[in-house]
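Got your viewer open and your mouse ready? Let's walk through this model together, one selection at a time.

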Amino acid sequence: MRIVLLGAPGSGKGTQAKKLAAKYRIPHISTGDLLRAALAAGTPLGQQAKAAMDAGQLVSDEIVLGIIRERLRASDAKKGFILDGFPRNIAQAQSLDGMLRNLEQPLDCAVLLDVDFDVLMQRLTGRRTCENCGATYNIFTNPPRLDDQCDRCGAALRHRADDNEVTIGNRLRVYESQTKPLIDMYRTQGRLETVNGVGDEDVVLKRMLAMLEPFAKGTRKPKLPPLPAPIPVKAKPVKSVMPAKNKSLLAKSLKTHGKMPLKSPVKQAPPKKTSVKKASGKHVGKKSKPKPGHAKKKSAKAAKSTKKHKRGKRR
Ligand code: AP5
Ligand code: MG
């Protein structure tokens, strides 16, 4: 069994994931739990994640993908897993598909725990978690027998640092903008299953098990995600060979002619009569006037050369 649990903060992902993990004997992998553990241990990774977690924002994809990549390679994840709180955006979901493709372990499906917004607030503000065994309680709906003490191991219960109203507001906004698009993505790919997350915890579990049964029995095969689109090769920009002067002429001409209607309703004026050389070589039409002084100069020159010629003949 390989599934992703999707749902808003407080929808019951952690609560159901623990129960499913016990039932199918596969690991429950929660990025939130892994990040909190890194923070509690004071590792550099935990320190890097702290600011985003305190603000109710997403920790960087780079950090989260590093954690998940390592966790999925562990031997206990070979027989399956339940991912809780991961992926949280489209980029993480695509990276997950890539990792699972390489491991030849496709997801069975993504399960959305559907819970109304007003219920979420009560669940989050009332949550108490055991700092030793991780058991989850709720002071409104599922209180411990003794105040602030775990029923199972007797350790102290704590209120999560990000379960205050301001941070909860931010987490819900981040869910709306970044995680909700995953619902559409998995639905379009035919890999989404929706389970009503409102009702007693064990009633919700029964709904989950009924939906997952065909996958557990192997009678329903997972749908494979689409292959990633090939990265387009960027064409080199072709350098224009047109000189700048021509470019401006072209632009001018387009400006003038581009706006002109194809067939102008205005009658065109007849072309002006200009001197046209006939096949015979004679000019017709208007004779061009010689430049003043030009003809005189020419005849003086001609007379001079005739004189010279005559003198030469006499000698
Ligand atoms: P994370 O720990 O994943 O928190 P979350 O998504 O906000 O979800 P929660 O754990 O608050 O809710 P849940 O659905 O697990 O509900 P639960 O079962 O506990 O993430 C925390 C932070 O880490 C993020 O804000 C982010 O900064 C960072 N992070 C984590 N993953 C990341 C990622 N992939 N990328 C980037 N950053 C990441 O139940 C809640 C309460 O309701 C409990 O009190 C429970 O007892 C009660 N309850 C449960 N089910 C029921 C029921 N059926 N009826 C009544 N009460 C119920
Ligand atoms: Mg959780």
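In what order do the strands of the open sheet of 3 strands come? Select them and read across: the order is β6-β5-β7, and the pairing is antiparallel. Keep in mind as you click around that you're looking at a predicted model.

Now look at the two outer strands. β6 (136-138) and β7 (157-158) stand at the edges, and each has a single partner strand, so one side of each has no neighbour in the sheet.

Next, click on β5, residues 127-130. On one side, β5 pairs with β7 in the antiparallel sense, over 2 bridges. To find one of the pairs, pick C130 and look across to L157 in β7, its bridge partner. On the other side, β5 is joined to β6 by 3 bridges, and these two strands also run antiparallel. Show T129 here and you'll see T136 of β6 standing opposite.

Stay with β5 and β6 and follow the chain from one to the other. They form a hairpin with 5 residues between the strands. Select G134 in this hairpin: its phi is positive, near 85 degrees.

Time for another sheet. This one is open too, with 5 strands in the order β2-β3-β1-β4-β8, and here the pairing is parallel. Which strands stand at the edges? They are β2 (28-30) and β8 (192-196); each has a single partner strand, so one side of each is left without a neighbour in the sheet. Turn the view to look across the strands, and you can follow a twist that averages 25 degrees from one strand to the next.

Zoom in on β4, residues 109-114, which pairs with β8 in the parallel sense over 5 bridges. Pick D114 and you'll find N196 of β8 opposite. Then add α9, which packs on the sheet and touches β4 and β8. The direction of α9 makes about 155 degrees with that of β8.

Let's move on to a pair of helices. Select α2 (31-40) and α3 (44-55). At what angle do α2 and α3 pack? The angle is about 115 degrees, and their axes lie 8 Å apart. The crossing is left-handed. To see what touches what, show L35, A38 and L39 of α2, then L45, G46, A49, K50 and M53 of α3. The residues of this contact split into 6 nonpolar, 1 polar and 1 charged.

Keep those helices on screen and select ligand 1. There are 37 residues around ligand 1, and the ones that come nearest are P9, G12, G14, G32 and G85. Which elements give two or more residues to this shell? Colour α1 (13-24), α2, α3, α6 (117-125), β6 and α9 (201-217) to see them. So β6 from the hairpin turns up again here. By type, the shell holds 11 nonpolar, 19 polar and 7 charged residues.

Finally, zoom out to the whole chain. You'll be able to count 11 helices and 10 strands. Of the 315 residues, 23% are buried. And here's one about how the chain folds back on itself: among contacts between residues at least 6 apart in sequence, 67% join residues at least 24 apart.

Conventions. Residues are numbered from 1 along each chain as its sequence is written. Chains are lettered from A and ligands numbered from 1 in the order in which they are written. This is a predicted model: local features need pLDDT of at least 70, side-chain atom pairs count only at pLDDT 80 or more; totals for chains, interfaces and linings use all residues. Two strands pair if DSSP finds at least two bridges between them. Helices (H or I, at least four residues) and strands (E, at least two) are DSSP runs, numbered from the N terminus. A residue is near a molecule or strand if its C-beta atom, placed from the backbone, lies within 6 Å of it. Ala, Val, Leu, Ile, Met, Phe, Trp, Tyr, Cys and Pro count as nonpolar, Asp, Glu, Lys and Arg as charged, and the others, Gly among them, as polar. Axes are lines fitted to C-alpha atoms, for helices over the stretch in contact, and angles run from 0 to 180 degrees between N-to-C directions. A crossing is left-handed if the near helix is turned anticlockwise from the far one by less than a right angle, and right-handed if clockwise. Two residues are in contact if their C-beta atoms, placed from the backbone, lie within 7 Å. A residue is buried if 20 or more other C-beta atoms lie within 10 Å of its own, exposed if 12 or fewer, and partly exposed in between; C-beta atoms are placed from the backbone.
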